[in-house]
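Have the sequence and the model side by side for this one. We'll go from the cysteines to the cavities, then on to the helices and a few backbone details.

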Amino acid sequence: MLLVAEHLTRTYVHRRGWLQGTGAPGARGPVRPALADASLSLERGEAIGVVGESGSGKSTLARCLALLERPDTGRVLLEGVDLTRLGRRELRRSRRRIQVVFQDPYSSLNPRLTVGSALGEVLSVHDLVPRDQIPRRVETLLDQVGLPARAVGRYPSDFSGGQRQRICIARALAANPEVLIADEPVSALDVSIQAQILNLLADLRVRLRLSMIFISHDLYVVRYIAPKIAVMFGGRIVEVLPPGVPLEQARHPYTEALLAARSRLEPGWLARTGQLNAELAAALPATGCPFRARCPHASGVCEEIDPPLRDLGGGHAVACHHVP
């Protein structure tokens, strides 16, 4: 197994301000896990999709997997090596092997660096090619993401959103990673451009034999990239759909709700259907099933016990008391 995450938990402490309750400014607010007991495994060359609405813990999981944030508890193993126990120098060498493409291509690039400088910086920092071969390698990276060689001397402001995301992908590839984490890479782009970036990522995964974790709020977009899907809600993985299992065979009530909403509404449905923001995420129950307030099947046991992720057979797992 290439990458294994075991029981990751990450909790953020919210501070109260003058307008938030009667506590003094700076006092600790409610402590709620953004990521709770999340486990995931990725084989070499495999693609896994992570789905959930905003506030479900997807990006926190991505940052913990790449060790951009250290989890409070749990382990991240890269070919058996626990990255959470490495020192700064050792972690820097290992982190090169896991690269992240973030959601917003406009804030991901340094506006003061040309494209060639941004890509060359990665190659130089990690000492991946001799200095005299950096220009040729930069041109190869641009070609891989569908950009012309003349882009080398231009600045991020000269490019459209889709082109900037291609540059961000090229910068991630410059580190020669084994795992690519794409964190909502098309959500900030025009609909007409999204398909181009999705096709590019799918092609790169096959051509470069990348292992990929693709994060999105859209089940159908994720299934296009990844045959295996993990569904998240309230910081927890509530369902795992293995390859070969159609989306329509999902069993968790939350996954069913995502599918029903997606089929009924036009693009932008998520923003209009109870999307979790920071306030709603903080209002999730501290005990029991986090989805119970929105679940049509909730019962007394759901208030007391957070259901564990249970294997239904064939790798299909569900965290729900009411799925036999």
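How many disulfides are there? The count comes to 0 in this predicted model. A disulfide here needs two cysteine sulfur atoms within 2.5 Å, so take C302 as a test case: its closest cysteine sulfur sits in C289, and at 5.8 Å that is too far for a bond. C302 counts as buried, with a relative accessibility of 5%. Look at C168 as well, which is buried at 4% relative accessibility.

C289 and C302 turn up again once you go looking for empty space, since both belong to the lining of the largest cavity. Rolling a probe the size of a water molecule over the atoms shows where such empty space is left. For this model the count is 2 cavities of 30 Å³ or more. The largest cavity holds about 70 Å³ of space. Besides those two cysteines, its lining includes C295 and C320, along with H252, H321 and H322. P253, F291, R292 and P307 are also part of that wall. Sorted by character, the lining residues come out as 7 nonpolar, 3 polar and 1 charged.

What about the second largest cavity? It contains about 30 Å³ of space. Its walls are made by L3, V4, A5, L40, S41, L42, L65 and I213. The elements that give two or more residues to this lining are strands β1 (3-15) and β2 (28-42). Here the split is 7 nonpolar, 1 polar and no charged.

Now turn to helix α4, residues 134-144. Which of its residues are buried? They are I134, V138, L141, L142 and Q144. These five cover an arc of only 160° around the axis, and that is why they end up on the same side of α4. The general background is familiar: an α-helix has 3.6 residues a turn, so residues three or four places apart point the same way. On the other side of α4 you'll find R136 and D143, both exposed. And what lies over the buried residues? The cover includes α3 (115-125), α5 (161-174) and α6 (191-207). Follow the chain just past α4 and you reach G146, which takes a positive phi of about 80°.

Next, have a look at Y224, which is found in helix α7 (residues 219-225). Setting aside neighbours within four places in sequence, Y224 is in contact with L198 and N199. Another residue to check against Y224 is A202: the two are 22 residues apart in sequence, yet their C-alpha atoms are 8.3 Å apart in space.

Finally, a couple of backbone details are worth a click. Where do you find positive phi in residues other than glycine? One such residue is E79, with phi near 50°. E79 is in the loop between β4 (73-78) and β5 (81-82). With a relative accessible area of 44%, E79 is partly exposed. R209 is another residue other than glycine with a positive phi, in this case near 55°. You'll find R209 in the loop between α6 and β8 (211-216). R209 counts as exposed, at 70% relative accessibility.

Notes:
Residues numbered from 1 in each chain as written. Predicted model: local features only at pLDDT ≥ 70, side-chain atom pairs only at ≥ 80, totals over all residues. Heavy atoms only, no water. 1 Å grid on protein atoms, 1.4 Å probe; cavity = no way out; pocket = protein on both sides within 12 Å on 5 of 7 lines; lining within 4 Å. Points joined across faces, edges and corners; volume = space filled by probe spheres on them. Nonpolar A, V, L, I, M, F, W, Y, C, P; charged D, E, K, R; others polar. Helix = DSSP H or I, 4+ residues; strand = E, 2+ residues; numbered from the N terminus. Buried < 20%, exposed > 50% of the residue type's maximum accessible area, 1.4 Å probe, protein only. Arc of directions from axis to C-beta. Contact = heavy atoms within 4.5 Å.
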